[in-house]
Amino acid sequence: MMNFEIDLDSSLRRFRTWALSYRGTITLLSVLGLLLIPPISGSEYYAQVAITAMIFTVFAASWDLLAGFAGQVSFGHSAFFGVAGYVTAALVRFYEVHWVLALMTGASVAVLFSLLIGIPCLRLKGPYLALGTLAFSLILLNLFMMGTILGGTEGISGLPVSQNLFMDFYLILAIMIVSLVVMRAIADSNLGTVMKAIRDDETCADASGINTTIYKLIAFMISGFFAGIAGSLFVLNATAVNPAVFQPLYSFYAIIMASIGGLATIYGSTIGSFLFVVLSESLRRLADMALLVFATVLILVVRFADEGLMNPILERSQELWDKIRGR
Amino acid sequence: MLIFGTIQGALLALLALGFSLVYGVGGVLNLSHGAFYLITAYVFYWTIPLFGMTISAVLALAVVVGIAAATFLALIKPLQDTHIGVVLVTFALAFFFEQFVKVVGDPRTHYIVPYVPGPVEFLGVRFQAQLVILLVGSLILVTLVTLFINKSKIGKSIRAVSQDAEAAKLMGINTDLVMMTSLMLSALLVGFAAILYAPGNFIAPRIGWGYLLLAFAVTIFGGMGSIPGSIVAAFIMGYARSFSDYFISTAFSEIIPIVVILVMLLVRPQGLLGKKELQ
């Protein structure tokens, strides 16, 4: 995927073989199904649920890229999410910048922040790194809660509400697909191989002449960029932002969704976040019980599906499909 | 102020000791540590009207130790090999207990009446008599646990496993059992912290996270897995918090543990008395 001399004919052919393979067909069918949500249901509610799930997909995938491939477990991903969200909100609300520009600025600021967090924290390893990033996001949370920066505890609200929710739906779907494909391409490229080498054995990677610090920083920046995109989209969609976006809960959401889907898969995040969002929406009727049931499901999934849900399910269903077709 | 610092330190020592122990022995980052506090406080609160103070305290401790054992057998042991799995499952468990308390009880804040009534005056400072119990209880417990780990046979195997789990296993130590014991011990300590500190204070379903963060901060400050380190760090942190309460503002003392974590991680990642790990 990384060779840039694009030969249209052969890539078309490659696309056909991929689309006809089992995984390709499933992927295309799911995308088609998503595309059909607004026209078939015609309800803004379903579209909104799907939008939330898609935004979280990008967020979870960005965490997966950092943790699953580069092996740097971050507990403070909400920092990137929140910073980008705040920047976007401030630009749109106070300076009336166009949302695309605001989105890109938000994501770039998130990249800067990932450098800011990454440079001191990358001296740390394993649980220490996780805690260092967690501490950063908590400090941001407290700063925004305490001070009067950008609206204090109230945050910024009253962003322009979009005219057409279905339009947003398709836009966000496009952004999600592009981000996922780009992340997967990064993971499959040489850069991805280097990241995997660092994850598997950092000392050995260092000894093989890989500048581990630089590559870890690059991984942090890429991950921060996509987390920033997710944060900006989230804020634009919610039309408001408050310090709660920094709370560790959001970081854990990303971790949970990525691991439900399966670590180091990138695409698994879609399954994780759709399951997560749909489950929490459908359980809303149970009010207080909802989160209890949700926590139980979570414990069971983590306990019994340590590979995540996506790959095992795909393999099983493929076997079944092959049997049905009589192979 | 010094007295409040000492009391804070005593509480933090109870919280952090168990956390540090579990991390040191099995490398398990137990995110449900705060939830253990929560569940003890609530069981205690619920059963007081039924059985009275002493019995419900014992009951609450028994429940939390039982939960710790069950957690280890059902959740942590099968997932031991995947580091992230343990973190996730303990996080989910903490989340579960928070919601459980919300559903079974109610989300409101409650107040447990202290079982030692009345304020005490000491060197011109007035404070709740309950806090004296906390101080004394904590000192006794910390001494007992330190003795237990240094002198007893199980303590010896706990130390062996924390030094080198594989070698300990080869020497015929049941590492799983040792891990379970240390998790139960940690639950016992945090349970005592809850029983000694919760009366006279407010409890609500969300409090678990705050105590988890405190335990975290102290453990990192003192060095992950170092028991004397966490005790020293607990008292330093206690004084720091009460000083900032007094001189700066209460809001600021909330951030202190986080800032301490960060500075400590950057300057000396292995903590005050931690051992440096070889690669």
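**Figure 1. Helices H9 and H10 of chain B, seen where they pack in this predicted model.** H9(B) covers residues 207-222 and H10(B) covers residues 227-247. Their axes sit 8 Å apart, at an angle of about 120 degrees. That angle falls outside the 65 to 115 range for roughly perpendicular and is not over 145 either, so H9(B) and H10(B) end up oblique to each other. The crossing of H9(B) past H10(B) is right-handed.

**Figure 2. A look at who touches whom between H9(B) and H10(B).** On the H9(B) side, the contact uses Ala217(B), Val218(B), Thr219(B), Phe221(B) and Gly222(B). H10(B) answers with Gly229(B), Ser230(B), Val232(B), Ala233(B), Ala234(B) and Met237(B). Sorted by class, the residues of this H9(B)-H10(B) contact come out as seven nonpolar and four polar, with no charged ones.

**Figure 3. Helices H3 and H7 of chain A, side by side.** Here we've got H3(A), residues 44-69, and H7(A), residues 165-188. The two axes come within 10 Å and cross at roughly 15 degrees, which makes H3(A) roughly parallel to H7(A). H3(A) goes past H7(A) in a left-handed crossing.

**Figure 4. The residues that join H3(A) and H7(A).** From H3(A), the contact residues include Glu44(A), Ala47(A), Ile51(A), Met54(A), Val58(A), Leu65(A) and Phe69(A). Among those they meet in H7(A) are Leu165(A), Phe166(A), Asp168(A), Phe169(A), Ile172(A), Met176(A), Leu180(A) and Ala187(A). Count up the classes for the H3(A)-H7(A) contact and you get 18 nonpolar, three polar and two charged residues.

**Figure 5. Where chain A meets chain B.** Across this interface, 29 residues of chain A are in contact with 30 residues of chain B. On the chain A side, helices H6 (126-146), H11 (248-261) and H13 (288-304) each chip in at least two residues. H13(A) gives the most to that side, with 10 residues. As for chemistry, the side of chain A that touches chain B has 20 nonpolar, five polar and four charged residues.

**Figure 6. Chain B, the chain that holds H9(B) and H10(B).** Its secondary structure adds up to 11 helices and four strands. Chain B has 279 residues, and buried ones make up 48% of them. Now take the contacts in chain B with a separation of 6 or more: residues 24 or more positions apart account for 76% of those.

Conventions:
Residues numbered from 1 in each chain as written. Chains lettered and ligands numbered in written order. Predicted model: local features only at pLDDT ≥ 70, side-chain atom pairs only at ≥ 80, totals over all residues. Axes fitted to C-alpha atoms, helices over the stretch in contact; angles between N-to-C directions. Parallel < 35°, antiparallel > 145°, perpendicular 65-115°, else oblique. Left-handed = near helix turned anticlockwise from the far one by under 90°. Contact = placed C-beta atoms within 7 Å. Nonpolar A, V, L, I, M, F, W, Y, C, P; charged D, E, K, R; others polar. Buried ≥ 20, exposed ≤ 12 C-beta atoms within 10 Å, placed from the backbone.
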